[in-house]
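Please look over the sequence and the model below before reading on. The briefing that follows takes a few residues and regions in turn, grouped by topic.

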Amino acid sequence: QLRRTEKVLCACAAGRWVLRSEYPLDSQQQRRWLSEEQYEWSVRRGASADGEGIWAGAPKRGRLTWEKTGRGPLSSECVCVLGEEAA
């Protein structure tokens with residue numbers, strides 16, 4: 001499940017690929033890096049986030065925004081990420 005972590009949010013904002021965990025395992029079995037498209041987190045019609053997750057279409061949308069405009073989806077926004085300090 002896609003979680004709302006700092007790394008995932010940063011990847012979305014930076015337009016990076018966010019892939020499912022099966023990607024490196026399947027690539028290892030094939031002994032080559034597979035195409036990322038079929039492993040990218042994306043949303044199917046009617047899907048939505050649960051209470052702790054994020055919208056599954058966010059990673060792909062962020063990546064496509066970067067590819068199309070050369071700017072991130074949050075480039076005109078001021079964003080603050082709050083969290084608890086890890087012990």
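Is E36 buried, exposed or partly exposed? In this predicted model, E36 has a relative accessible area of 28%, and because the partly exposed class runs between under 20% for buried and over 50% for exposed, E36 counts as partly exposed. The points below describe the surroundings of E36, and then turn to a buried arginine, the nonpolar core, the cysteines and the largest pocket.

**E36 and its surroundings**
- E36 is found in the loop that runs between helix α2 (22–30) and helix α3 (58–69).
- When residues up to four places away in sequence are not counted, E36 touches W17, L19 and Y23.
- Although E36 and V18 are 18 residues apart in sequence, their C-alpha atoms are 9.1 Å apart in space.

**R63, a buried arginine**
- R63 has its place in helix α3, and with a relative accessibility of 6% R63 counts as buried, because that value is under 20%.
- Leaving aside neighbours within four places in sequence, R63 is in contact with G15, R16, W17 and E40.

**The largest nonpolar core**
- Seven residues make up the largest nonpolar core, namely L2, V8, A11, C12, V18, W41 and A56.
- W41, one of these core residues, is in contact with Q1, L2, V18, L19, R20, A56, P59 and K60 once its neighbours within four places in sequence are left aside.

**Cysteines**
- The count of disulfides in the model comes to zero.
- C10 is in no disulfide, since the nearest cysteine sulfur, which belongs to C12, is 9.2 Å away, whereas a disulfide needs two sulfur atoms within 2.5 Å.
- C10 is partly exposed, with a relative accessible area of 43%, while C78, at 79% relative accessibility, counts as exposed because its value is over 50%.

**The largest pocket**
- The largest pocket holds about 300 Å³ of space, and two elements, α1 (6–14) and α3, give two or more residues to its lining.
- Of the 13 residues that line the largest pocket, those that lie nearest its centre are L9, C12, A13, A58 and L74.
- Helix α1 gives the most to this lining, with four residues.
- By residue type, the lining of the largest pocket divides into eleven nonpolar residues, one polar residue and one charged residue.
- C12 appears in two of these topics, as a member of the largest nonpolar core and as one of the lining residues nearest the centre of the largest pocket.

Note on methods:
Residues numbered from 1 in each chain as written. Predicted model: local features only at pLDDT ≥ 70, side-chain atom pairs only at ≥ 80, totals over all residues. Heavy atoms only, no water. Core = buried A, V, L, I, M, F, W, Y, C linked by side-chain atoms within 4.5 Å. Buried < 20%, exposed > 50% of the residue type's maximum accessible area, 1.4 Å probe, protein only. Contact = heavy atoms within 4.5 Å. 1 Å grid on protein atoms, 1.4 Å probe; cavity = no way out; pocket = protein on both sides within 12 Å on 5 of 7 lines; lining within 4 Å. Points joined across faces, edges and corners; volume = space filled by probe spheres on them. Nonpolar A, V, L, I, M, F, W, Y, C, P; charged D, E, K, R; others polar.
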